[in-house]
Amino acid sequence: MPIDFKLTDFCYPVSILKLRNFLEKSQWFSLQELEAYQFKKLKIMLNHVYENVPYYQKLFAAGGITPKDITSLGDLKKIPVLDKNIFNVSRDLFFAKNAGKFKPIGYNTTGTSSAPVMFYRDRFARTLEIAYYLRHWSWGGYKIGSPIGEISCWFFLKKKKNTNKPFYYDPVVRRLIINGNLLSEQNLDLIINEIKKRRIVFFRGPATAIYAFSLLLRNKPHHSISLKAVFPVGEMLLDYQRKLIEKSFSCQVFDSYGNMEGTGAISQCEKGGYHINSDYGIIEIKDLRLPGLGPCSSGYTGLAIGTNLYNFAMPLLRYSHDDIISASPNAGTCPCKRGLPIIKSVQGRLSDVIVTPDGRYISSLSEVFNFVNGITLGQIIQEEASRLVVKISKSADFGQDNEKKLLEMISNIVGRSVNVRVEYIPFAELTTYPRSKFRPVISYVKKEYGMSIKD
Ligand SMILES: [Zn+2]
């Protein structure tokens with residue numbers, strides 16, 4: 001999940017603008033130029049971790065590696081893939097001995113200050129995050145100072161005095177933050193009026209929260225909110241969500257993918273291409289050769305492995321994101337002509353992959369919801385290898401035929417030995433707090449194959 005910006009993130013406006021200017025140019029670099037840039041940054045990072053980061057000092061010593069042994073990007077493979085579980089149990093060892101000089105700030109996944117810190121980002125990483133978003137938003141026409149709207153839950157939970165406010169407006173940065181926990185019919189007119197009053201033309205937020213807002217707007221066909229671009233973050237954007245969001249706001253959706261640890265970023269351009277931001281971090285796609293049906297059966301699909309190029313306080317090298325990416329079978333160039341390489345799609349997390357009793361790995365099973373009418377939101381939960389529960393929030397036009405079609409499609413994919421049950425629950429319950437963490441597929445079945453991947 002990407003992080004929410006903090007006020008302190010904007011403390012270095014000159015650095016942000018300088019990096020923003022560089023990123024403006026580097027997006028047009030050739031592949032060779034991008035790789036040369038990555039390698040230059042990687043060398044600096046390798047020397048840093050070798051001198052200052054206990055985990056890598058031990059790892060390099062054990063493997064007899066020094067930064068001098070890495071003479072190309074390809075040599076990065078000499079460093080073992082860092083499993084999320086290893087990072088989770090030994091976080092302290094990743095904190096650089098000289099982190100203080102990089103002005104680190106602690107983050108956690110809940111956004112509340114009382115929860116334990118999960119990760120540290122330093123001044124450079126925070127500057128990069130803002131500059132990267134400014135560039136991505138510019139693909140949708142955003143210019144610094146343009147009024148932007150945002151849906152957030154954490155912002156309002158962090159300060160008690162804000163909890164019951166439906167929105168907050170910051171006139172300095174022209175940012176309207178809408179309370180994701182108070183999106184309701186009751187508050188809708190108030191929110192619509194504020195969006196118009198503040199002349200908001202861009203919008204960002206968790207995909208499901210923006211989708212929930214679009215659903216509410218469906219009941220107000222004459223709301224007349226017309227935006228220039230919407231930027232969902234933090235979770236996989238499903239096709240039916242994109243369609244409704246685009247219709248609701250009469251504009252294009254620019255999807256993006258990232259993680260809190262800042263080891264990689266993928267963002268969608270105005271031509272629809274998903275670009276790896278090579279000037280942000282290094283993303284490798286580790287081929288799993290996943291068998292099975294669904295989108296994973298075609299093209300080159302694998303686990304995303306990311307390397308920080310900017311975060312010196314808590315650097316991660318070859319960090320397994322737990323996300324599955326499909327590379328484009330015919331890579332080529334995007335029609336937008338940017339040099340940043342393109343992929344086909346982000347498929348979702350490895351932990352969200354359904355593993356069938358006959359050993360197949362099926363990603364993106366939630367795609368079935370795109371083929372059945374009347375589903376407002378759906379979620380598939382694999383409780384055991386042979387038991388799936390499909391939770392559906394349905395609209396009025398969903399009937400028995402639709403359920404039959406849905407069950408048939410799922411059974412055809414997962415096999416008849418899997419028991420599939422449908423449960424109907426209201427939308428609000430399906431997207432219960434925290435809304436920003438909605439996952440279309442959840443599997444509780446351990447995946448030995450995926451977890452045992454090593455170089
Ligand atoms: Zn493009």
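Helix H10 (residues 400-414) lies across strands E19 and E20, and its direction makes an angle of about 145 degrees with that of E20. The model described here is predicted.

The two strands covered by H10 belong to an open sheet of four strands, arranged in the order E20-E19-E18-E21 with mixed pairing. At the edges of this sheet stand strand E20 (419-424) and strand E21 (441-443). Each of these two has a single partner strand, so one side of each is left without a neighbour in the sheet. On average, and with direction ignored, neighbouring strands of the sheet are turned by 15 degrees against each other. In general, the strands of a sheet pair through backbone hydrogen bonds, and the pairing is either parallel or antiparallel. Strand E18 (residues 375-384) pairs with strand E19 (residues 387-394) in the antiparallel sense, over eight bridges. Within this pair of strands, leucine 377 stands opposite serine 393 in E19.

A second helix, H9, spans residues 239-249. Its buried residues are Tyr240, Gln241, Ile245, Ser248 and Phe249. Seen down the axis of H9, these residues fall within an arc of 140 degrees, so they line one face of the helix. The face turned away from the buried side carries Asp239 and Lys247, which are exposed. The cover over the buried residues of H9 includes two strands that precede the helix in sequence, E6 (202-206) and E7 (229-233). Helix H8 (207-218) and strand E8 (252-253) also contribute to this cover. Just after H9, serine 250 takes a positive phi of about 50 degrees.

Valine 230 lies in strand E7 (229-233), one of the elements that cover H9. With neighbours within four places in sequence left aside, valine 230 is in contact with Phe203, Ile210, Ile245, Phe249, Cys251 and Val253. Among these partners, Ile245 and Phe249 are buried residues of H9. Val230 is also a member of the largest nonpolar core, which contains 101 residues. The members that touch the most others in this core are Phe202, Ile210, Leu227, Ala229 and Val230.

For the protein chain as a whole, 12 helices and 21 strands are found. Of its 455 residues, 41% count as buried. Among contacts between residues at least 6 apart in sequence, 69% join residues at least 24 apart.

Key: Residues numbered from 1 in each chain as written. Predicted model: local features only at pLDDT ≥ 70, side-chain atom pairs only at ≥ 80, totals over all residues. Pairing = 2+ DSSP bridges. Axes fitted to C-alpha atoms, helices over the stretch in contact; angles between N-to-C directions. Contact = placed C-beta atoms within 7 Å. Core = buried A, V, L, I, M, F, W, Y, C linked by C-beta atoms within 7 Å. Buried ≥ 20, exposed ≤ 12 C-beta atoms within 10 Å, placed from the backbone. Arc of directions from axis to C-beta.
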